[in-house]
Amino acid sequence: MRSLSIASTGMLAQQTNVDVISNNIANMSTTAFKRQRAEFQDLLYQQVSRAGAASGSDSKLPTGIQIGAGVKTGGVYRIAEQGALSQTDNPYDMAIQGKGYFQITMPDGTTGYTRDGSFQLSDQGELVTADGYPVQPGITVPQGAVAVTVSKTGEVQITLAGTPAPQTIGQLQLATFVNEAGLEALGGNNFLETAASGQATIASPGEPGFGTLTQGFIEQSNVNPVSEITALITAQRAYEMNSRVVKTADEMLATTSQLR
């Protein structure tokens with residue numbers, strides 16, 4: 001019976017859906033996490049009779065008969081909606097308000113991208129991520145600095161002891177992509193450029209199409225708990241209905257096997 005295999009594809013699809021939702025809920029408190037959504041597509045159809053085929057000497061079938069083979073996961077999309085900003089009062093924490101990613105140098109020398117602006121200083125005074133990856137372009141804060149300020153446009157200034165006038169030590173830049181959903185997630189709030197995302201476009205914060213920076217804040221996850229729980233209940237009910245189809249098909253086969 002087709003219904004057994006069709007229902008099994010539905011159960012597998014809803015399992016994927018629950019996996020995606022559970023990952024969203026697990027990352028509710030992850031800095032700058034972007035929630036994901038599973039999208040599904042129907043499978044191939046068996047053409048029992050084709051629409052428009054001749055049904056008589058001068059008549060045609062208006063609809064035909066197509067029987068579907070079930071469902072498959074078409075993709076899992078990342079939704080790049082802005083998360084709320086949370087104040088930390090840490091001068092090295094920076095939140096992006098709008099589009100863009102910070103550039104970081106990965107251990108293998110490649111350029112990674114992140115919206116997690118919870119930065120710190122290394123033992124050399126270099127601005128790094130929580131994992132110790134340097135932020136591009138390199139910003140080094142000298143030992144004598146008594147204050148560090150970062151403007152909305154990414155200009156980094158310091159104030160030295162005994163010197164009231166601030167000094168500019170660097171300029172942070174952001175990267176944007178034509179298709180943010182095409183970035184490859186590495187874990188650790190880091191991403192890599194792919195052929196699907198397109199090449200990075202680099203500019204200073206505040207330029208047209210780029211977000212601005214807010215010092216002393218970090219971006220929170222954009223996961224909405226109410227929406228995720230609602231989606232979880234819907235996925236659970238869909239899974240139950242598909243399992244009910246399997247049970248019904250099994251009962252029908254059992255009835256058929258008992259015929260004399």
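Select Tyr-113 and Phe-177 to begin the tour of this predicted model: both of these residues are buried. If Tyr-101 is now added to the selection, the same description applies to the new pairing, since Tyr-101 and Phe-177 are likewise both buried.

With the side chains of Tyr-113 and Phe-177 still displayed, draw the distance between the ring centres, which comes to 4.9 Å, and then the angle between the planes, which is 90°, so that the two rings form an edge-to-face aromatic pair, the class used for planes over 60 degrees apart. Colouring by secondary structure places Tyr-113 in strand 8 (residues 111-114) and Phe-177 in the loop between strand 15 and strand 16, and the pair thus links distant parts of the chain, 64 residues apart.

Turn next to the rings of Tyr-101 and Phe-177, whose centres are 6.0 Å apart and whose planes meet at 70°, so this pair too is edge-to-face. Tyr-101 belongs to strand 7 (residues 101-105), while Phe-177 sits in the loop between strand 15 (174-176) and strand 16 (184-187), and the contact therefore ties together parts that are 76 residues apart in sequence.

Now extend the selection to Phe-191, which together with Tyr-101, Tyr-113 and Phe-177 makes up one aromatic cluster. For the model as counted with rings whose centres lie within 6.5 Å, the number of aromatic pairs is four.

From the rings, move to the backbone and show strand 7 and strand 8, which run antiparallel and are joined by four bridges. Picking Ile-104 and then looking across to strand 8 brings up Gly-112, the residue that stands opposite. Follow the chain through the turn of this hairpin, where five residues lie between the strands, and stop at Gly-109, which takes a positive phi near 95°.

The last stop is an open sheet of three strands, to be selected in the order 12-13-14, in which the pairing is antiparallel. Strand 12 (145-150) and strand 14 (163-171) are the edge strands, each of them pairing on one side only. Viewed across the sheet, the twist from one strand to the next averages 25°.

Within this sheet, isolate strand 13 (residues 155-160) and strand 14, which pair in the antiparallel sense over five bridges. Which residue in strand 14 is the bridge partner of Glu-155? Selecting across from Glu-155 leads to Gln-171, its bridge partner in strand 14.

Definitions and conventions
Residues numbered from 1 in each chain as written. Predicted model: local features only at pLDDT ≥ 70, side-chain atom pairs only at ≥ 80, totals over all residues. Heavy atoms only, no water. Phe/Tyr/Trp six-rings, centres within 6.5 Å; stacked < 30°, edge-to-face > 60°. Helix = DSSP H or I, 4+ residues; strand = E, 2+ residues; numbered from the N terminus. Buried < 20%, exposed > 50% of the residue type's maximum accessible area, 1.4 Å probe, protein only. Pairing = 2+ DSSP bridges. Axes fitted to C-alpha atoms, helices over the stretch in contact; angles between N-to-C directions.
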